[in-house]
Amino acid sequence: MDWNEDGLEDLIVGHRYGSVCYFRRLPGGELTSEPDLSTPNGTIEVGTNSAPEITDWNNDGLLDLVVGCAETYPGSIHLFLNSGEPGAPCLDDSSLLKANGEFISIVYSCPRVYDLDQDGLRDLLVGGCSGHVYWFRNVGTAQEPELEEGVQLQSNGEPLRNDAEVRIWPCDYDCDGIPDLLTSDYDGVIYFFPGLPTGVSSEHARSGDGDLLTITENPCRGVLRLRIHRPVPVRVSLYSMDGHRVSGPTAFEAVDRGESASLDVSDLPGGAYLLRAESPRCVQHGKLILIPGS
């Protein structure tokens, strides 16, 4: 995270007593301690156990500050918008984030801003003292985020849970194009929760125009036949309905639009599967039915 936009990665961390510490990176690679982050009214203090997140909250090209804390009244997530300039941040006084019109109040909040559902809008994820992880979906705009009521993230059909004071890092850890989640808690162990493909209709998780491909025979038996609509590299994977990858990724590269391709699926048992197709600019999901027999 380059707080002062000088091309060097800096470090911003929370503090037991609620301040937000700034360590600036020097050209030689070492870090030097700078004054704690502040607003025109003084040093930022949010209570205890501050947990900062640097993000462009309102999509204006400036880095803002979101901070969680241990206290919950009246809310636990503070937003400091940046009204300065690139390379010269100036943080305004804080406001408390709301979801569905109510202040977000989670003990020992650890916020992360991340587009979890890949709809192009950054959402809010929060870990807390209970060990659960909450997702607050952005149903507003990139410039004016509006958060839905939080829901607990699930793992294997049950609420995802660590021990107390969970810390979270959403990312595509395994580089498969699907958001994953890394968590840690009071015992210091790091846990990896891989994301699974969801949905059965064609939907675009990244920018692109139109579908990548269509399944020309569905249901199919033995061979999956496809028509690729763009002259781009495409990787195709199949997942069982419980989210495990059972085939691929298999690479195809069409020279012309509308080229045909096929994939041998005769070794897979009959049933319903999720198909995932991805190119450098687009991801598409769909449902496939395999009929038993070759």
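**Exercise 1. Describe the open sheet that contains β18.**

Solution.
Step 1. Start with one pair: β18 and strand β19 (residues 180–184) run antiparallel and are joined by five bridges. The model is predicted.
Step 2. Pick a residue pair. Trp169 stands opposite Leu182 in β19.
Step 3. Extend to the sheet. Its three strands follow the order β18-β19-β20, with antiparallel pairing.
Step 4. Find the edges. β18 (167–171) and β20 (190–193) each have a single partner strand, so one side of each lacks a neighbour in the sheet.
Step 5. Add the twist. On average, neighbouring strands of this sheet are turned by 20° against each other, direction ignored.

**Exercise 2. Do the same for the open sheet that contains β21.**

Solution.
Step 1. Write the order. Three strands run β21-β22-β25, and the pairing is antiparallel.
Step 2. Name the edges. β21 (213–215) and β25 (259–264) each pair on one side only.
Step 3. Give the twist. From one strand to the next it averages 30°.
Step 4. Look at one pair. β21 is joined to strand β22 (residues 223–228) by three bridges, and the two run antiparallel.
Step 5. Place a residue. Ile215 has Leu226 as its bridge partner in β22.
The backbone does this work: strands of a sheet pair through backbone hydrogen bonds, either parallel or antiparallel.

**Exercise 3. Decide whether strand β6 is enclosed or open to the outside, and find its partner.**

Solution.
Step 1. Count the buried residues. In strand β6 (residues 51–55), five of the five are buried, so the rest of the structure largely encloses this strand.
Step 2. Recall the pattern. In a regular strand the side chains alternate between the two faces of the sheet.
Step 3. Check each face of β6. Ala51, Glu53 and Thr55 are buried on one side. Pro52 and Ile54 are buried on the other. Both faces are therefore covered.
Step 4. Find the partner. Five bridges join β6 to strand β7 (residues 64–68), and the two run antiparallel.
Step 5. Fix the register. Thr55 has Asp64 as its bridge partner in β7.

**Exercise 4. Count the disulfides, and explain the result for Cys21 and Cys69.**

Solution.
Step 1. Search the whole structure. The count is zero disulfides.
Step 2. Set the cut-off. Two cysteine sulfur atoms must lie within 2.5 Å.
Step 3. Test Cys21. The closest cysteine sulfur, in Cys69, is 15 Å from its own, too far for a bond.
Step 4. Test Cys69. Its closest cysteine sulfur is in Cys110, at 12 Å, again too far for a bond.
Step 5. Check burial. Cys21 counts as buried at 11% relative accessibility. Cys69 is buried too, at 1%.

**Exercise 5. List what the aromatic rings do, in pairs and with charges.**

Solution.
Step 1. Count ring pairs. With ring centres required to lie within 6.5 Å, the count comes to zero aromatic pairs.
Step 2. Turn to charges. Lys98 lies over the face of Phe103, 4.9 Å from the ring centre.
Step 3. Add Arg16. Its charged end sits over the ring of Tyr17, 6.0 Å from the centre.

**Exercise 6. Summarise the whole chain.**

Solution.
Step 1. Secondary structure: the protein chain has zero helices and 27 strands.
Step 2. Extent: along its principal axes the C-alpha trace spans about 70 × 40 × 40 Å.
Step 3. Burial: 41% of the 294 residues count as buried.
Step 4. Contacts: among those with a separation of 6 or more, 44% link residues 24 or more positions apart.

Technical notes
Residues numbered from 1 in each chain as written. Predicted model: local features only at pLDDT ≥ 70, side-chain atom pairs only at ≥ 80, totals over all residues. Heavy atoms only, no water. Pairing = 2+ DSSP bridges. Helix = DSSP H or I, 4+ residues; strand = E, 2+ residues; numbered from the N terminus. Axes fitted to C-alpha atoms, helices over the stretch in contact; angles between N-to-C directions. Buried < 20%, exposed > 50% of the residue type's maximum accessible area, 1.4 Å probe, protein only. Phe/Tyr/Trp six-rings, centres within 6.5 Å; stacked < 30°, edge-to-face > 60°. Lys NZ or Arg CZ within 6 Å of the ring centre and 35° of its normal. Contact = heavy atoms within 4.5 Å.
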